[in-house]
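Open the model in your viewer and keep the selection box at hand. The stops below say what to pick and what to look for.

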Amino acid sequence: MRDWRYWLAEQRGTLLAFGIFIVMFAIYSANHPAGFTANVVQTAANKGVLLAFIAMAQTLVVITAGIDLSVGMIFTLTNCMASWLVIGTGLETALGLVAVLGTGLFCGAVNGAIVIYGRLQPIVATIATGAVYFGLALLLRPVPGGSVNEGLADFLTGRFFGVVPASLVALLVVVLVVWVPFSRSELGRAAYAAGSSETAAYMSGVPIRRGKFLAYTLAGLLAAIGGLFLTFFTYTGEAAYASGNAYTLFSIAAVVLGGVSLFGGKGSAIGAIFGALAFRTIGDLLFVFDFDPLWQPLFQGVILLIAVSLGAFALFRVRNRLEWFL
Amino acid sequence: MDGAAPLFRMEGISKRYGGVRALEKADLTVTAGSIHAILGENGAGKSTLIKVMAGVVAPDEGTMTLDGREVTFASPAAANQAGIVCIFQELSLVPELRVADNIVISNPPKRFGMIDRKAQRRIAEEALARAGASDIHPLALVKDLPLSRRQMVEIAKALARKPRILILDEATSALTAADVAKIFGVLKRLREEGLALLYISHRMNEIAELADQCTVFRNGRNVASYAAGSKSDNEVVELMIGREYSHIFPPKPIRPQSGAAPVLEARNLSWSNRLDNVSLSIEAGEVVGLGGLDGQGQRELLLAFFGVLRGLSGRILVDGKPVSIASPAAARDDRIGMALIPEDRKTEGLMLPMTVRENLSFAALDRLSKAGFIDRGAEQRLIDDMVGLLAIKTAGLDIPVGALSGGNQQKVVIAKWLMRQPRIILLNDPTRGIDVGTKQELYQLMRKLADAGAAILFYSTDYDELIGCCDRVLVLYDGAVKRELVGAEITEHALIASALNIHGEHAGPRRGEGA
């Protein structure tokens, strides 16, 4: 049986992202003044986890050969909501959580409905809805402020048993509860099939529309989980336009680093998570080497270009030049 | 088979696409436990018939009955549900998914709401074994398999759906001989099991070996049904011919043998598994046709000349001198002077939202520009010439080219290339989907260009055109030139017989037979 070889070939993108992350993180922690300590890991995890959630959200949509430019804004909107609602007694906090996550689901569902039933192109539809979500965020928090249930926030951003970052555990739970069932469900497979070849999927009687709709909806949910964690880290809500947009763009970079094909049908959220963590570490590398922070965007961009170029080698094997444009 | 109640029956099925009638009151009766072959030349309506059966397109009129009850299929899924499963010519596999995923795709086994991977694996292995393809690993990605293996997966996928009627549309065209033998074994076993099989193929020897019943389609109608083996190949070909000649072709001049080197020559061109040692030469003033069934390498041959294919072996000579053509830009260069009128004008020929003017001058911009700027006056003069020469009917030069009729769009594509005064013109089925009047104009134009010294290579799926326009026709089969027909040898009979690669004296050429 050569099953493992097929498994390996399939997971190549994910493993590559994992490898990049491990190397980057090794360099990072080796040169960190404090070294490889629970504190350093916790800080890194808390920063990385936010992008990881957004990248997971992006992955779901990218798998269907779409793109979601509103994830950063759902993230911002839910952050602002959480800074009003996730507070008070245990029951109030719980209801707040449900409301925030429900909003994320709803935003994602709106995106899905517009793209699938309205037949708009994902890029345009989500730029528009993203602007709407940001507008709502501004209404909720014209100026930064608010607060959050600090007990819950500290619990989810601290450490378990003194060593394991709680945010990483939360990420793992989300993977197990959202990603794994999705990837193994019939609709999840429909999302992949629609992204890989919508014609073939249609001809095979696959529920393309429901699969894509689920992908967009869950993307909204994951972005909202990201928004919650942002609130837990900062204790406030802020309708920050630049930050929301940066998260959207970084999520696309993370997804590509994680081996998810922008043409759809290929890749996994696990890869995207490692892509996100690697991307964050690359950004932080400069700090441990005492470079001027002004160099960060340039450095990040160059590393990203190199990583993405690795994926373009397949074009050299194409024998019919018309296939370049497919 | 007589006496058995029909499992499935189609009556009076018609389907039009725009002005083109693909099916005209067609009937078909399918019996359980038999293999029914459907024959007909390109465009006879076979594909549409199957699409109607499989729920891909809805007929304009007519009824379908299954087990004596009237049925309609809103989608391929509905047809599957009723037990009609089709293996299409264009594969319906999802490339990025595994073989096993693809086999169960329309109805995956589930456990606790999630796909049961163990059960999926088992079903896939069973189906592959049933299709005689247990060498294919269920975890392999479909995109990594060669075409012939994918075809086997396609068959396994169909079997996993437990069909009552299985339709195979050119299902063996990509298979190796060993695979075909296996598949035939499988199909015969399925017939024993009581399935009804519809088998569409252009390979007469396959039909002879497999079929119980045959139906011939022509012009969207079923023109004859007969028990397999009761007619000779020759009679079958006669049944498939029979369109009235509706086109008017310009007379072919009698050309003296010139001693000059051919304008375009190919020596032993091979590419991938689609072109097999193709050699040909075209002289100035000659119109050479490419015949054969659709998809036998004609398109690839034209692309090879035009510099699109990589890894081409063999040589291309222009004016007797070897050249290397690395891209369409090199092919259109004045030293070679080649133009390709592509098959799909909407994607490869035109930028639909852009204006007629812009589309016309795209290919000649380098000639019309001085120091990088377009000389509007020169552009206008040349465009006026072309619009006049081709009689392009347009409300203006500044409207989107997508607003023109199909025939006029095609004229724009041709005019765009004529603006470069090419010496070698490759045409890839240029009259598909355009009206008869425009077709006639194109035939005249082609001859006029040839008379002015161009070398023309003309692929058409319409045999009448090849007969009416070409000085010579090369018939391709499986990527190789199987026959060359010259002058009076170019008859519909000879074209069809050699396209089907029928050997033997009956189907051989008979000089002087009425064209």
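The tour goes from one whole chain to the interface, then to the core and a sheet.

This is a predicted model.

**Stop 1: chain A as a whole**

Select chain A and colour it by secondary structure. You should find 14 helices and 2 strands. Turn the C-alpha trace along its principal axes: the spans are about 60 × 45 × 40 Å. Is the radius of gyration of chain A what a compact globule of 326 residues would have? The globule would have a value near 20 Å, and chain A has 20 Å, so the two agree. Of the 326 residues in chain A, 49% are buried. Now think about contacts with a separation of 6 or more: in chain A, 75% of them link residues 24 or more positions apart.

**Stop 2: where chain A meets chain B**

Show both chains. Here 23 residues of chain A are in contact with 28 residues of chain B. On the chain A side, select helices H1 (3-10), H8 (166-184), H9 (186-196) and H10 (198-203); each supplies at least two residues of the side that touches chain B. Which helix gives the largest share of that side? H9(A) does, with 5 residues. Colour the touching residues of chain A by type: 9 are nonpolar, 7 polar and 7 charged.

**Stop 3: the largest nonpolar core**

The largest nonpolar core has 253 residues. Select Ile273(A), Ala156(B), Leu426(B), Ile456(B) and Phe458(B), the members that touch the most other members. Then pick helix H11 (residues 208-234) of chain A, which contributes the largest share of this core, 16 residues. Next, centre on Ala156(B). Leaving out residues up to four places away in sequence, Ala156(B) touches Ile103(B), Ala127(B), Leu128(B), Arg130(B), Ala131(B) and Ala133(B).

**Stop 4: a sheet in chain B**

Stay on chain B and show the strands. An open sheet of 4 strands runs in the order S14-S13-S16-S17, with antiparallel pairing. Its edges are S14 (275-282) and S17 (321-323) of chain B, each pairing on one side only. From one strand to the next, the twist averages 25°.

Zoom in on S13 (residues 264-271) and S16 (residues 313-318) of chain B. These antiparallel strands are joined by 5 bridges. Label Ala266(B): opposite this residue stands Ile316(B) in S16(B).

Last, add helix H9 (residues 298-305) of chain B. This helix packs on the sheet and touches S13, S14 and S16 of chain B. The direction of H9(B) makes about 65° with that of S14(B).

Technical notes:
Residues are numbered from 1 along each chain as its sequence is written. Chains are lettered from A and ligands numbered from 1 in the order in which they are written. This is a predicted model: local features need pLDDT of at least 70, side-chain atom pairs count only at pLDDT 80 or more; totals for chains, interfaces and linings use all residues. A nonpolar core is a set of buried Ala, Val, Leu, Ile, Met, Phe, Trp, Tyr and Cys residues joined through C-beta atoms within 7 Å. A residue is buried if 20 or more other C-beta atoms lie within 10 Å of its own, exposed if 12 or fewer, and partly exposed in between; C-beta atoms are placed from the backbone. Two residues are in contact if their C-beta atoms, placed from the backbone, lie within 7 Å. Ala, Val, Leu, Ile, Met, Phe, Trp, Tyr, Cys and Pro count as nonpolar, Asp, Glu, Lys and Arg as charged, and the others, Gly among them, as polar. Two strands pair if DSSP finds at least two bridges between them. Axes are lines fitted to C-alpha atoms, for helices over the stretch in contact, and angles run from 0 to 180 degrees between N-to-C directions. The radius of gyration is taken over C-alpha atoms; the globule rule is 2.2 Å times the number of residues to the power 0.38.
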